[in-house]
Amino acid sequence: KLHSDLDKGVGTVKYTLSGDGAGTVFTIDETTGDIHAIRSLDREEKPFYTLRAQAVDVDTKKPLEPESEFIIKVQDINDNEPKFLDGPYVASVPEMSPVGAYVLQVKATDADDPTYGNSARVVYSILQGQPYFSIDPKTGVIRTALPNMDREVKEQYQVLIQAKDMGGQLGGLAGTTTVNITLTDVNDNPPRFPKSIFHLKVPETSHVGSAIGRIRAVDPDFGKNAEIEYNIVPGDGGNLFDITTDEYTQEGVIKLKKPLDFETKKAYTFKVEASNLHLDHRFHSVGPFKDTATVKINVLDMDEPPVFSKPVYTMEVYEDTPVGTIIGAVTAQDLDAGSSSVRYFMDWKNDVDSYFTIDATEGTIATNELLDRESTAQYNFSIIASKVSNPLLTSKVNVIINVLDVNEFPPEISVPYETSVCENAKPGQVIQTITAADKDLSPAGQRFSFKLSSEASNKPNFTVHDYRNNTAGIETRRNGYSRRQQELYFLPVVIEDSSYPVQSSTNTLTIRVCRCDSDGTIQSCNVEAIFLPVGLSTGALIAILLCIVILLVIVVLYVALRRQKKKDTLMTSKEDIRDNVIHYDDEGGGEEDTQAFDIGALRNPKVIEDNKIRRDIKPDTLRFTRHRPPAEDNTDIRDFINQRLQENDVDPSAPPYDSLATYAYEGNGSVAESLSSIDSLTTEADQDYDYLSDWGPRFKILADMFGEESYNPDKVT
C-alpha cells in the first residue's frame with residue numbers, strides 16, 4: 001500500500017505505478033494506493049520486480065512528492081521437484097570387485113531457492129538395485145554393495161535412483177533416474193576342454209602344412225581374457241604335427257609338419273595344452289589357467305604314386321660322347337601294400353629333352369645326340385614314374401646332367417690387345433698386366449702359362465714375366481724408346497693351358513710409343529705430335545697463337561685508320577666543295593657515279609650527251625628510248641632544264657625521287673637566288689659574297705670560303 005502525507009482522504013491525490021510488471025503483473029488503486037498482483041508469480045521465472053510510484057494532484061496533474069522506487073521480492077515455496085539433467089546414466093564396474101567399489105556419481109538439481117528453507121535440499125536413495133549397489137544420500141555416489149559379483153552369472157544391472165527435496169521429509173517433492181550398470185570382464189576363468197580325448201582321421205596323402213583337424217577349449221571370459229594359446233606337449237608324434245590358434249574362433253588348428261606314411265606308422269597320440277595369454281595376478285590362487293587334452297590321430301591308407309629314391313638326380317657326361325651311351329639311372333618304388341610295377345618316361349617340354357632317352361622299365365638314361373659343352377653346358381629335364389596298376393598315379397623328379405669339358409680350345413689373351421709405353425721408360429718397367437680366357441670349362445686347378453714366342457725372344461725390346469697366377473706382366477728391356485725411329489711394336493705372346501691335351505695359342509700385343517711427362521702420365525700418342533718441337537708445351541703454343549692474333553688486330557686497325565684519315569681529307573678539300581655539294585645533293589649511285597649527272601652540260605649547253613645508261617637505278621629489261629630534240633645554240637639554261645624535267649617526268653625508268661638533274665636550277669622565285677656559277681658574272685671577282693655572312697650560321701663556312709679565296713679562272717670547268 002502506498003500513502004502520501006499530503007493525502008487528506010478527500011480524493012485530491014492520485015497514485016501512479018510504473019516499472020517492471022506495472023499494469024501486467026501489478027496494478028495500483030489510484031485513490032487508496034493499494035498494490036495488487038493480477039496474475040500468479042513464479043520465483044524461478046523472476047525473483048523480484050523494481051517499481052516506481054508517485055502521488056500527483058488530481059486537478060493540476062502535478063506531482064505532490066518526488067517519485068519513489070521500491071522492490072517487490074517474490075517469496076519461494078517448494079513448487080519444483082529435483083531433476084537429473086544428465087540422466088539416464090550408463091556406468092560399468094569390473095566383475096569380482098570388492099564391496100564399496102566406486103561405480104558412478106549422480107546429481108539432481110532443484111530450481112527452488114536454496115537460501116530459503118529446505119525446498120532445495122536434496123537427498124538420494126535407491127528404489128531398485130539393492131542389494132547389489134548402494135548410494136550416498138548426500139553426494140549421490142553409487143558403490144558396489146556385494147562382493148564377487150560374477151559377470152558370467154549376470155552382466156547387466158538396472159538401478160533406479162530417487163532424489164527428494166525438503167531433506168527427504170514427508171511432503172517433499174522427488175525425481176528419479178535410471179542407471180544402467182555393466183560388469184566388465186576380468187580373467188577369472190581358465191580355459192577348459194569339453195572332453196579329454198579328441199579323435200582325428202588323416203589320409204596319408206595329406207600335404208605338408210595342411211590343416212588336418214581342429215580342437216577347442218572353452219573359456220567363459222570375454223575379449224582378450226578369452227584368448228587361448230595351444231601347444232603340443234613333447235612326446236609321441238609331436239614332431240610331425242603343429243598347432244596354431246584361430247584368432248576368430250579361438251580353436252586349435254592342427255597342421256601337418258611332415259608327410260605321413262600308413263605303411264610306416266598307422267596312428268599317433270600326443271597331448272595338447274590350452275592356456276590363457278593374458279593372466280590376472282589377482283586370481284592366481286584359483287588355480288592354473290590351463291587345461292590338457294589328448295589327441296589321437298589315425299592314418300588312413302591311400303593308393304599313392306611311386307616314390308623316387310632321390311629328390312633330384314645329378315649326372316655327368318663328357319661332350320662328344322657316342323650316341324646311346326648310358327650315363328645314369330633313376331629308381332622309383334611303389335610303397336603301398338600291393339607293390340605295383342613302375343614305368344618311366346620323359347616329361348617332354350622342349351627340344352632339349354630329345355638329347356636323351358630313358359628305358360621305360362629299368363629307368364636308365366642314355367644319350368640320343370652328340371653333346372657340345374660350348375653350346376649347352378647343362379641339361380635340366382623331368383622324369384615321370386607311374387604305377388602299372390593305376391597309371392593315373394604318377395610322380396615326377398628333376399634330372400640335371402652336366403656336360404664335362406674336353407680340352408679343345410686354346411686359351412686367348414683377354415682385353416686389351418693394345419697398350420702403350422713411354423719414350424722415357426726404364427728397363428724392367430711393367431707397362432701392362434695381361435690375363436687369359438679359355439672357352440673350355442676349366443677344371444679346378446687349371447693354370448695358364450705365358451711366354452714370348454721364339455722369334456721375339458732375341459729382340460731386346462720387351463719381355464713377358466709370368467706371375468704364376470694366370471696373369472703376366474709386359475716389361476721393358478730398353479732404356480727409352482723413340483717414336484721417330486719406331487712408333488709401334490708387335491709383341492707375340494704364347495699362352496698355354498694345363499688341361500689334357502695341352503692347347504696353346506700365339507697372341508700379338510700391339511705396343512704404341514707415347515710421349516709422357518716425368519711422372520709417366522701419357523701426353524700424346526698421335527703421329528702428328530712427333531713433328532712438334534721438343535719441349536714445346538701446350539701453354540707455349542697458346543701464347544704464340546695469342547701473339548699472332550694480336551698482331552693481326554693491330555694491322556687491321558692501322559689500315560682502317562688510314563682509310564678514315566684519307567676520307568676525311570677528301571671531304572674537307574676546298575677546291576672540290578662545289579662538286580661535293582652537287583654530288584651530295586644527288587641521291588643516285590654514290591660518289592663513283594659520274595654518269596648520273598654531268599655538270600658540264602649545264603655550263604656548255606651545246607654539248608649533247610649520248611643516251612647513257614644511268615647507274616643510280618636498276619635498268620629494266622624493256623627500256624624506252626629517249627628522243628631528245630637537239631638543243632639550239634644560245635638556248636636559255638632554264639629552257640634546257642625544263643626540257644630535261646619533262647623528259648624525266650615521262651620516262652618510266654626514271655627514279656621516283658628528286659635528283660640534282662631536276663632541281664639544280666633554283667629559279668627566280670628563290671629568295672637567295674641561284675648558288676650555281678652558271679649564271680654568275682663573267683669573272684668571279686665581279687661578284688660580292690659578303691651577303692652570305694648575313695644568312696646566318698648555316699652559311700658561315702660558305703661565306704668564309706668564298707670571301708677569302710681569290711678567283712682563279714683555270715679552276716672553272
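## A tour from Glu487 outward

Start by selecting Glu487, which is buried, with a relative accessible area of 17%. The cut-off for buried is under 20%, so at 17% Glu487 falls in that class. Keep in mind throughout that this is a predicted model.

**Stop 1: Glu487 and Arg512**

Show the side chain of Arg512 as well. Arg512 and Glu487 form a salt bridge, with 3.0 Å from N to O. Arg512 sits in strand 36, while Glu487 belongs to the loop between strand 34 (471–476) and strand 35; the two residues are 25 apart, and the pair links distant parts of the chain. Is Arg512 buried or partly exposed? Its relative accessibility is 23%, so Arg512 counts as partly exposed.

**Stop 2: strand 36 and its partners**

Select residues 504–516, which make up strand 36. Strands of a sheet pair through backbone hydrogen bonds, either parallel or antiparallel. Three pairings can be followed from here.

- Add residues 418–422, strand 30: this strand runs parallel to strand 36, and five bridges join them. To find one of the contacts, look at Glu418, whose bridge partner in strand 36 is Thr510.
- Add residues 488–496, strand 35: the pairing with strand 36 is antiparallel and covers nine bridges. Here Val493 stands opposite Asn507 of strand 36.
- Add residues 522–524, strand 37: two bridges join this strand to strand 36, again in the antiparallel sense. Arg515 has Ser524 in strand 37 as its bridge partner.

Now look at the turn between strand 36 and strand 37. The two strands form a hairpin with five residues between them. Select Gly520 in that turn; its phi is positive, at about 90°.

**Stop 3: Lys451 and Glu496**

Stay with strand 35 and select Glu496, then Lys451. Their side chains meet in a salt bridge at 4.0 Å, N to O. Because Lys451 lies in strand 32 (residues 449–452) and Glu496 in strand 35, the pair ties together parts that are 45 residues apart in sequence. How accessible is Glu496? Its relative accessible area is 27%, which makes Glu496 partly exposed. Lys451 is also classed as partly exposed, at 44% relative accessibility.

**Stop 4: Lys387 and Asp334**

Move to Lys387 and Asp334, whose side chains form a salt bridge of 3.2 Å from N to O. Lys387 is in strand 27 (residues 378–387), and Asp334 is in the loop between strand 23 (332–333) and strand 24 (342–346), 53 residues apart. Both of these residues are buried.

The salt-bridge count comes to 15. Some share partners: select Arg151, Glu152, Glu155 and Asp185, which are joined into one network in this way.

**Stop 5: the sheet 1-4-5**

Turn to an open sheet of three strands, with the order 1-4-5 and antiparallel pairing. Which strands stand at the edges? Strand 1 (13–19) and strand 5 (68–73) do; each has a single partner strand, so one side of each is left without a neighbour in the sheet. On average, neighbouring strands here are turned by 30° against each other, direction ignored. Select strand 4 (residues 48–57) together with strand 5: six bridges connect the antiparallel pair. Leu51 can be found opposite Phe70 of strand 5.

**Stop 6: Asp110**

Select Asp110, in the loop between strand 7 (102–105) and strand 8 (123–128). With a relative accessible area of 12%, Asp110 is buried. Show its surroundings next. Leaving aside neighbours within four places in sequence, Asp110 is in contact with Asn80, Glu81, Pro82, Ser119, Ala120, Val122 and Asp165.

**Stop 7: a patch including Ile548**

Go to helix 1 (residues 538–571) and pick out Ile548. Ile548 is partly exposed, at 44% relative accessibility. Add Leu541, Ile544, Leu545 and Leu552: with Ile548, these residues form a nonpolar patch on the surface, and together they have about 460 Å² of accessible area.

**Last view: the whole chain**

Zoom out and show the entire protein chain, which has six helices and 37 strands. Of its 717 residues, 34% are buried. For contacts between residues at least 6 apart in sequence, 64% join residues at least 24 apart. The chain exposes about 44,200 Å², and carbon and sulfur atoms supply 53% of that area.

Technical notes: Residues are numbered from 1 along each chain as its sequence is written. This is a predicted model: local features need pLDDT of at least 70, side-chain atom pairs count only at pLDDT 80 or more; totals for chains, interfaces and linings use all residues. Side-chain values use heavy atoms; hydrogens and water are left out. Two strands pair if DSSP finds at least two bridges between them. Helices (H or I, at least four residues) and strands (E, at least two) are DSSP runs, numbered from the N terminus. Axes are lines fitted to C-alpha atoms, for helices over the stretch in contact, and angles run from 0 to 180 degrees between N-to-C directions. Buried means under 20% relative accessible area, exposed over 50%, partly exposed in between (1.4 Å probe, protein chains only). Patches are made of residues with over 30% relative accessible area and no salt bridge: like charges are joined within 9 Å, nonpolar side chains (Val, Leu, Ile, Met, Phe, Trp, Tyr) within 5 Å. Accessible areas come from the Shrake-Rupley method with a 1.4 Å probe; for residues, only the protein chains shown count as cover. Contact means heavy atoms within 4.5 Å.
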